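Good morning, colleagues. Please turn to the sequence and the structure on the screen, and I shall describe them briefly.

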Protein chains: 2
Amino acid sequence: MMTHAPNPTLQKLKARLTDLDCLGSALGVLGWDLETYMPPKGGESRADVSATLCRMAHEAFVAPEVGEWLQTLLTQLPALPTDKDRAMVQQAWRSYQREVKVPTTLVEALDRASSKALPVWANARKTNQFDAFKPLLTEIVQLNQQKAQALGYTHHPYDALLDGFEPDMTTTLLDPLFAQLQAHLTPLVNNLTQSVTPSLPAGPYPKQAQMDFSHKVLTAMGFDLERGRLDESVHPFTCGLHPDDVRLTTRLDEADPLSCLFSVLHEGGHGLYEQGQQPDLWGRGLFGGASLGIHESQSRLWENLVGRSMAFWQVFYPAFQAAFAPVLDAMPLAVFYQAVNRVSRSPIRVEADEVTYNLHILLRYQLEKDLMTGTLTVDQLPDAWNAGMETLLGYTPKNHAEGCLQDVHWAHGTIGYFPTYTLGNVYASMFWAKAEQAGVTQPIAQGDMKPLLGWLQTHIHGNGLMESPNQLVQRVTGQPLTAQYFTQYLDQKYCLKGAVV
Amino acid sequence: MMTHAPNPTLQKLKARLTDLDCLGSALGVLGWDLETYMPPKGGESRADVSATLCRMAHEAFVAPEVGEWLQTLLTQLPALPTDKDRAMVQQAWRSYQREVKVPTTLVEALDRASSKALPVWANARKTNQFDAFKPLLTEIVQLNQQKAQALGYTHHPYDALLDGFEPDMTTTLLDPLFAQLQAHLTPLVNNLTQSVTPSLPAGPYPKQAQMDFSHKVLTAMGFDLERGRLDESVHPFTCGLHPDDVRLTTRLDEADPLSCLFSVLHEGGHGLYEQGQQPDLWGRGLFGGASLGIHESQSRLWENLVGRSMAFWQVFYPAFQAAFAPVLDAMPLAVFYQAVNRVSRSPIRVEADEVTYNLHILLRYQLEKDLMTGTLTVDQLPDAWNAGMETLLGYTPKNHAEGCLQDVHWAHGTIGYFPTYTLGNVYASMFWAKAEQAGVTQPIAQGDMKPLLGWLQTHIHGNGLMESPNQLVQRVTGQPLTAQYFTQYLDQKYCLKGAVV
């Protein structure tokens with residue numbers, strides 16, 4: 001048996017990373033509370049408290065001693081006691097390099113611009129006045145250009161930003177992926193939008209019944225309600241404070257039970273990933289998932305591959321009908337299945353079906369890349385957006401709320417995030433193909449989702465941030481990123497005789 | 001007009017105290033969440049997160065530079081720009097001196113002892129096994145003795161601890177106060193427990209109706225639900241994160257609506273104090289109230305002087321009856337008033353009426369003082385408790401849960417806290433007498449509590465921690481601490497012909 005002498009540098013790094021995870025968890029509670037239970041007028045002081053804890057975390061991480069510990073430990077890497085120690089050092093070094101490269105003045109300028117931009121954006125969207133938002137968006141684009149320069153890149157400035165959301169992802173990998181998707185999806189959308197699909201009856205669908213059914217679904221998925229909870233918020237989200245405390249939210253609309261239901265399946269997928277990580281990754285900076293794209297793969301897998309499947313609804317539809325009886329009594333399963341799989345040329349990304357969704361992302365990806373190089377100016381953005389929607393989706397937005405003001409990301413100061421949504425869809429189909437081979441998807445048709453969850457936990461959830469998304473995908477699927485499984489899945493689901501359309 | 005050159009030392013102190021208030025507010029949310037919405041298994045990681053933030057706050061406060069800033073600023077005190085600046089420096093210096101005197105090893109030892117003691121105490125109380133708790137309580141008493149030595153005192157070691165909860169309070173002031181109370185209360189209790197008082201019908205009193213009525217009462221009190229909220233918890237408490245975010249909790253028992261109601265009045269009183277402080281005290285270490293005793297004066301004033309008065313119930317009883325109809329339809333106001341003012345020889349402090357309550361505190365005060373000097377050992381505690389209950393209240397506890405294991409404070413590592421409850425009652429009556437003179441209590445009988453709240457805000461709430469409790473009491477009432485108004489209040493309420501008995 002090998003034994004290791006205590007490594008004081010390793011212990012110091014671990015202690016610092018634990019402090020950072022504690023601050024992260026506290027910030028998580030503050031953020032969750034902000035969206036759920038905070039009194040209406042608590043927002044101003046909450047902003048101060050969160051900003052202060054963020055600053056403390058940043059200062060504690062970029063402190064010179066952390067750089068010294070990391071450089072010492074990198075020379076000792078092969079001799080460190082465990083895989084987790086090595087991953088901890090490597091992951092911290094990766095983040096450290098990124099964080100120290102961006103000057104504090106730039107970080108603060110982006111924070112300030114975003115704080116100013118968020119209310120202006122919200123108002124501009126409401127009043128359809130892009131001009132009001134333009135100066136702030138221009139500033140945000142410029143600051144992101146500066147950030148990309150500070151971070152450095154080989155090929156395209158967008159790569160520097162992408163890497164912050166999806167480690168090692170580049171435009172060189174994404175360009176052909178999106179091209180392949182576009183080539184496949186455009187004719188598919190044309191085929192699928194020829195016929196009329198049914199809608200659900202008008203309701204009402206009482207909120208309490210929606211929450212009760214949501215809890216049933218979460219329990220069936222294997223989400224542990226002793227280690228998590230579900231609340232209502234305006235925008236659904238997942239907040240993982242620790243593997244033992246994972247909070248989901250959903251929206252509730254009495255006219256539309258599907259909004260709540262698919263939010264719960266989506267956030268439940270995120271939540272299972274958080275609950276499934278090894279507890280001792282927390283406190284080492286290794287908790288939270290391999291990347292945004294991998295995280296999104298778990299939410300989309302449960303939302304779409306499970307939650308929009310006939311296998312799932314064969315089991316759950318009778319209980320769903322009963323929960324809202326008698327509203328759905330006259331709607332047979334086959335018709336309901338068509339309703340939850342309706343494909344349409346619609347303007348809003350977050351309401352898009354699984355076929356058109358990635359075309360919405362492609363549009364944002366193209367526009368963001370061009371904004372970063374300066375090929376596209378903020379002035380030209382609304383026209384470019386509308387032209388892109390026409391080309392990609394055959395839809396012309398009626399106003400800016402349906403167009404380039406619909407998403408919060410840019411007002412938030414964030415550029416480079418959108419592609420992780422498509423990566424999530426693509427990864428999900430790659431994982432699903434392996435799960436099918438392993439025989440863990442078939443029991444869903446009997447209402448048993450435990451085998452699937454067990455497989456996901458073993459192959460994906462457990463490792464947290466211990467490997468990069470590329471490494472994880474290669475290990476789990478035996479091949480690098482490819483759109484092939486996603487397009488196959490859509491073809492099989494939507495184009496087979498006797499299927500949805 | 002006087003102008004002041006910027007004082008960089010003052011700015012540095014202010015920035016540090018703002019950081020501490022931010023950490024305090026984050027800890028407040030974590031604590032509130034722990035008691036309200038945290039998933040059952042979230043407790044272990046929550047303990048780590050809270051302990052880490054506490055340590056960060058302690059380290060940021062006792063840092064050597066803070067001592068240097070404070071010593072510089074103390075020499076500049078008369079020249080500082082505002083009263084708030086002077087109070088900020090004085091209050092910080094007071095706390096700094098206390099915190100640096102207690103060695104970190106002792107702080108940590110008390111933390112550890114308390115973490116170990118809490119579950120052991122809870123179990124010992126349940127199983128009536130004092131012996132299981134004895135070694136930990138012995139350790140806690142010893143650590144508090146060491147803490148008193150470290151803090152220093154002139155007359156009695158208990159003074160060193162008291163001062164941490166009620167600045168400048170001493171046994172020299174409390175001994176005669178409690179003696180006077182005992183002399184007055186003992187015959188009063190004898191008189192009032194001769195006759196039988198009525199109880200409320202068995203109910204049920206639905207939880208939602210209790211919550212709805214609670215919100216009505218809070219609104220009538222002037223509690224701003226845009227800057228606060230009310231939730232359910234096992235033990236009611238108030239959590240003031242900032243004057244704009246004040247959270248109350250209450251307990252809900254379908255068999256007993258009074259438990260909820262008086263908790264809401266009590267916590268509502270605390271909450272009004274938090275909401276009434278000038279917002280810019282937050283961020284200067286001056287938010288939170290002058291002392292625990294002054295805080296308790298506000299909760300007891302609303303719970304007892306308002307909430308158990310005929311003036312209040314003349315207005316609110318019809319709505320209370322309607323909320324639980326038809327359960328209370330046959331109970332007239334006069335009988336209900338007797339029920340909410342029942343006086344009895346009962347074992348549990350938190351359930352005691354306003355007449356016997358301070359005898360429960362006196363017992364704890366005497367025992368704690370004797371534990372601190374070593375006159376009483378932990379071995380002798382249960383017998384001493386039971387003998388004291390017999391002498392003071394004519395009641396012999398049936399078990400340790402009714403006896404010396406009933407309160408959480410000692411398991412929490414806290415000695416010297418209990419007297420602040422009695423101080424709250426005594427202060428409340430002193431303030432009430434002035435409020436009556438000012439004519440602001442009379443409108444309560446017409447359902448108008450705004451004049452009272454306005455008076456409390458002007459004279460007590462606004463100033464936060466800017467003055468000591470002694471200074472505040474002297475300023476508001478024109479005299480030092482005295483039990484006279486409390487005993488007069490009880491005499492008038494309980495002994496006049498035609499009153500309760």
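About 20,000 Å² of chain A is exposed, and 53% of that area comes from carbon and sulfur atoms; accessible areas follow the Shrake-Rupley method with a 1.4 Å probe, and for residues only the protein chains shown count as cover. This is a predicted model, in which local features need pLDDT of at least 70 and side-chain atom pairs pLDDT 80 or more, while totals for chains, interfaces and linings use all residues. Residues are numbered from 1 along each chain as its sequence is written, chains are lettered from A and ligands numbered from 1 in the order written, and side-chain values use heavy atoms, without hydrogens and water.

Of the 501 residues in chain A, 56% are buried, that is, under 20% relative accessible area with a 1.4 Å probe, protein chains only.

I turn to the fold. Chain A holds 19 helices and three strands, taken as DSSP runs (H or I, at least four residues, for helices; E, at least two, for strands). The C-alpha trace of chain A spans about 70 × 60 × 50 Å along its principal axes. Among contacts in chain A with a separation of 6 or more, 72% join residues 24 or more positions apart; contact means heavy atoms within 4.5 Å.

Lastly, the two copies. A turn of 180° with a shift of 0.0 Å along the axis lays chain B on chain A with an RMSD of 0.0 Å, superposed by least squares on C-alpha atoms of residues with pLDDT of at least 70 in both. The copies are therefore related as by a two-fold rotation axis. In chain B, the C-alpha nearest that axis belongs to B:Ala26, 3.4 Å away.

Conventions. Buried < 20%, exposed > 50% of the residue type's maximum accessible area, 1.4 Å probe, protein only.
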